[in-house]
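Visitor: I would like a close look at one part of this model. Please take me to the place where the protein chains meet, and then on to the DNA beside them.

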Protein chains: 2
Amino acid sequence: MDADKVFKALADPTRRTLLDRLYEKNGQTLGQLCEDLDMARQSATQHLGILEEANLVSTVRRGREKLHFINPVPIHEVYERWVRKFEHRRLSLLHDLKKELEGE
Amino acid sequence: MDADKVFKALADPTRRTLLDRLYEKNGQTLGQLCEDLDMARQSATQHLGILEEANLVSTVRRGREKLHFINPVPIHEVYERWVRKFEHRRLSLLHDLKKELEGE
DNA sequence: ATAATATGCAGGTAAATGCCTGCATGTCAA
DNA sequence: TTGACATGCAGGCATTTACCTGCATATTAT
């Protein structure tokens, strides 16, 4: 997993919207995903390219259409490496913080 | 939570390193965190500023030193909003993908 | 075959990012 | 009080990002 690519891909509201839309309906075409996006198709294409580069989305060509599918693997890996670890010590980290903010 | 700020903050290797270091030893000063970072102190300060803006790190001034503490809340919120959702449908999403890659 | 449809590719621009240097301020210790 | 130490602030520069327009290619339907 390339954490840089994954986090960078997630660090844009348009791309998160695209993921949410695919979550609602997996396998949409580029055209479908562009609707109501309020930007040129070419811009959305670039966003989808970044999601693909990060492996968050995989595509399949069907005729003249390009279908987009969520790949849940990188998000799972982010969870394993970056989230679970902090969740595990979450309460003790909160305790550190609270104690210090109260002034020692 | 400002998902944009949180993901952007996480989308840089230096900042992830800083978080890892704080995870190892919470409450370090700016000076301690800069050691072995291979960049000017001012650059590291900017990175820490971004982590603070995203609320991933909180700071307390003690004399001439500035102590840094991990704030686990935003990561927890990212988990709730962006990870758990996809984890929940993880296997069915993987199934969609596999089926399509195999060609229908 | 031809027109309509779906996507790809090339380049251009304004703004954001990540790094730097130089200097200012504030705090502690001798 | 004075020098050393820890951090803050301002500006400059190269690269990346996110958007655009214009044109090219490939597929389907008539």
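Guide: This is a predicted model. Start with one pair of side chains. Arg81(B) and Asp20(A) meet in a salt bridge, with 2.7 Å from N to O. That pair joins chain B to chain A. The count of salt bridges between the two chains is six. Polar contacts also link them: 14 residue pairs, both members at pLDDT 80 or more.

Which elements of chain B supply at least two residues each to the side that touches chain A? They are the helices α1 (3-10), α2 (13-24), α5 (73-88) and α6 (90-101), and the strands β2 (57-62) and β3 (65-70). The largest share comes from α5(B), with ten residues. Now sort the residues on this side of chain B by class. There are 22 nonpolar, four polar and 14 charged residues.

Next, step back to the whole contact. Chain B puts in 40 residues, and chain A puts in 40 residues. The area buried between them is about 4100 Å². Carbon and sulfur atoms give 67% of that area.

How are the two copies related? Turn chain B by 180°, with 0.0 Å of shift along the axis, and it superposes on chain A with an RMSD of 0.0 Å. The two copies are therefore related as by a two-fold rotation axis. Look for Phe7(B) here. In chain B, its C-alpha is the nearest to the axis, 2.9 Å away. The same surface serves both copies, as 100% of the contact residues of chain B recur in chain A.

Now move to the DNA. Take strand D to begin with. DNA strand D is surrounded by 21 residues. The closest are Gln42(A), Ser43(A) and His47(A) from one chain, with Gly31(B) and Arg41(B) from the other. Of the strand D atoms that come within 4 Å of the protein, sugar and phosphate account for 61%.

Zoom in on the phosphates of strand D. An N or O atom in the side chain of Ser43(A) is 2.4 Å from a phosphate oxygen. For the side chain of Asp12(A), the distance from an N or O atom to a phosphate oxygen is 3.5 Å. Lys66(B) uses its backbone: a polar atom there is 3.2 Å from a phosphate oxygen. Several elements give two or more residues to the surface near strand D: α4 (41-53) of chain A, and α3 (30-34), α4 (41-53) and β3 of chain B. The most comes from α4(A), with five residues. By class, this surface divides into four nonpolar, eight polar and nine charged residues.

Finish with strand C. Around DNA strand C there are 21 residues, and the nearest are Gly31(A), Ala40(B), Gln42(B), Ser43(B) and His47(B). Here sugar and phosphate make up 62% of the strand C atoms that come within 4 Å of the protein. Ser43(B) has a polar side-chain atom 2.4 Å from a phosphate oxygen of strand C.

Look at the bases of strand C too. A polar side-chain atom of Arg41(A) lies 2.8 Å from a base oxygen. Arg64(A) also has a polar side-chain atom by a base oxygen, at 3.0 Å. The largest share of the surface near strand C comes from α4(B), with five residues. That surface holds four nonpolar, eight polar and nine charged residues.

Conventions:
Residues are numbered from 1 along each chain as its sequence is written. Chains are lettered from A and ligands numbered from 1 in the order in which they are written. This is a predicted model: local features need pLDDT of at least 70, side-chain atom pairs count only at pLDDT 80 or more; totals for chains, interfaces and linings use all residues. Side-chain values use heavy atoms; hydrogens and water are left out. Contact means heavy atoms within 4.5 Å. Buried area is the accessible area (1.4 Å probe) that two parts lose on being put together, summed over both. A salt bridge is a side-chain nitrogen of Lys or Arg within 4 Å of a carboxyl oxygen of Asp or Glu. A polar contact is a pair of N or O atoms within 3.5 Å; within protein, one must be able to donate a hydrogen and the other to accept it, and residues adjacent in sequence count only if both atoms are side-chain atoms. Helices (H or I, at least four residues) and strands (E, at least two) are DSSP runs, numbered from the N terminus. Ala, Val, Leu, Ile, Met, Phe, Trp, Tyr, Cys and Pro count as nonpolar, Asp, Glu, Lys and Arg as charged, and the others, Gly among them, as polar. Copies are superposed by least squares on the C-alpha atoms of residues with pLDDT of at least 70 in both. A residue is near a molecule or strand if one of its heavy atoms lies within 4 Å of it.
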